[in-house]
Amino acid sequence: MKDVSNNKTALVELKDLNKMFFTDEVETNALSNINLAIYEGEYLSITGPSGCGKSTLLSLLGLLDTPTSGLYKLAGHNASNINQDERARIRNKEIGFIFQSFNLISDLTVAENIELPLTYRTDLTKNQRQDMVLSSLEKVDLAHRANHYPSQLSGGQQQRVAVARAIGGKPAIILADEPTGNLDSKNAESVMALLDELHQDGATICMVTHDPVFAARTQRIIEVFDGRVVSDERITEMPAIAV
Ligand SMILES: Nc1ncnc2c1ncn2[C@@H]1O[C@H](COP(=O)(O)OP(=O)(O)O)[C@@H](O)[C@H]1O
Ligand SMILES: [Mg+2]
């Protein structure tokens with residue numbers, strides 16, 4: 001692959017990463033020999049058929065799971081060799097997740113859902129947390145719904161709350177697993193437009209999607225098949241270094 005990094009340091013770096021699952025007698029080689037570098041400001045998609053390992057790859061990137069072997073570096077931390085507490089701390093600070101099924105907590109309000117992950121951050125005061133909640137709600141155009149409960153919102157609005165929660169702590173990278181998978185086309189478009197806008201503002205976004213139309217909106221498409229990266233194509237130049 002052509003070196004397009006302009007000698008920048010990768011935000012995320014995977015080297016010879018493998019993931020096996022052992023269930024009963026069955027051994028699944030979910031990911032084999034993944035080598036991947038993601039740079040600050042990139043907007044990329046991971047595509048491939050069902051069962052090819054997309055979600056497993058995103059879980060490893062998001063420190064939700066550990067590789068069977070290989071190296072993982074995130075924002076300068078060696079993430080393959082750290083204890084549970086440190087993993088949780090890095091995950092909470094550096095990673096924003098968006099899931100297909102929104103994963104909001106139904107008996108917390110919109111604002112409380114967004115604030116919840118920030119309450120684990122010892123580096124933030126209550127005031128700072130509230131400012132972060134408000135500014136991320138404004139970003140997704142839902143400040144007027146701050147005191148609503150998830151069930152009072154449409155699917156598209158719930159996913160926008162999930163986006164606000166993901167960006168609330170100003171993470172180094174946003175990971176989205178089929179973020180439009182549970183939405184009709186109009187709501188899917190509003191969530192995609194929001195991701196496009198976050199990217200314009202400089203966010204690093206890695207999105208799993210099996211929809212080629214959504215993948216084509218990103219700037220780099222990584223195709224996974226049978227647990228291996230089979231193609232990695234940058235559609236546009238690397239983003240300029242943010243100053
Ligand atoms: N927790 C698990 N235990 C056992 N096998 C798993 C587990 N998670 C995923 N797998 C298997 O790993 C493979 C990749 O799964 P996954 O990453 O979910 O695929 P995708 O997201 O591309 O549909 C599949 O064969 C799946 O059955
Ligand atoms: Mg999946």
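Isoleucine 205 is buried, because 24 other C-beta atoms lie within 10 Å; the cut-off for buried is 20 or more other C-beta atoms within 10 Å of its own, with C-beta atoms placed from the backbone. Isoleucine 205 is part of strand E8 (residues 205–208). Strands are DSSP runs of E with at least two residues, helices are runs of H or I with at least four, and both are numbered from the N terminus.

By the way, this is a predicted model, where local features need pLDDT of at least 70, side-chain atom pairs count only at pLDDT 80 or more, and totals for chains, interfaces and linings use all residues. Residues are numbered from 1 along each chain as its sequence is written, while chains are lettered from A and ligands numbered from 1 in the order in which they are written.

Back to isoleucine 205: its C-alpha atom is 5.9 Å from that of isoleucine 173, 32 residues apart along the chain.

Now for ligand 1. Its surrounding residues include Phe21, Thr28, Gly53 and Lys54, counted when the C-beta atom, placed from the backbone, lies within 6 Å. These elements each supply at least two residues of the shell:

| Element | Residues |
|---|---|
| Strand E1 | 12–23 |
| Strand E2 | 26–38 |
| Helix H1 | 54–61 |

H1 gives the largest share, three residues.

E1 and E2 also belong to an open sheet of four strands, ordered E2-E1-E4-E5 with antiparallel pairing; strands pair if DSSP finds at least two bridges between them. At the edges sit E2 and strand E5 (77–78), each pairing on one side only. E4 (residues 69–74) and E5 are joined by two bridges, and leucine 74 has histidine 77 in E5 as its bridge partner.

Definitions and conventions
Buried ≥ 20, exposed ≤ 12 C-beta atoms within 10 Å, placed from the backbone.
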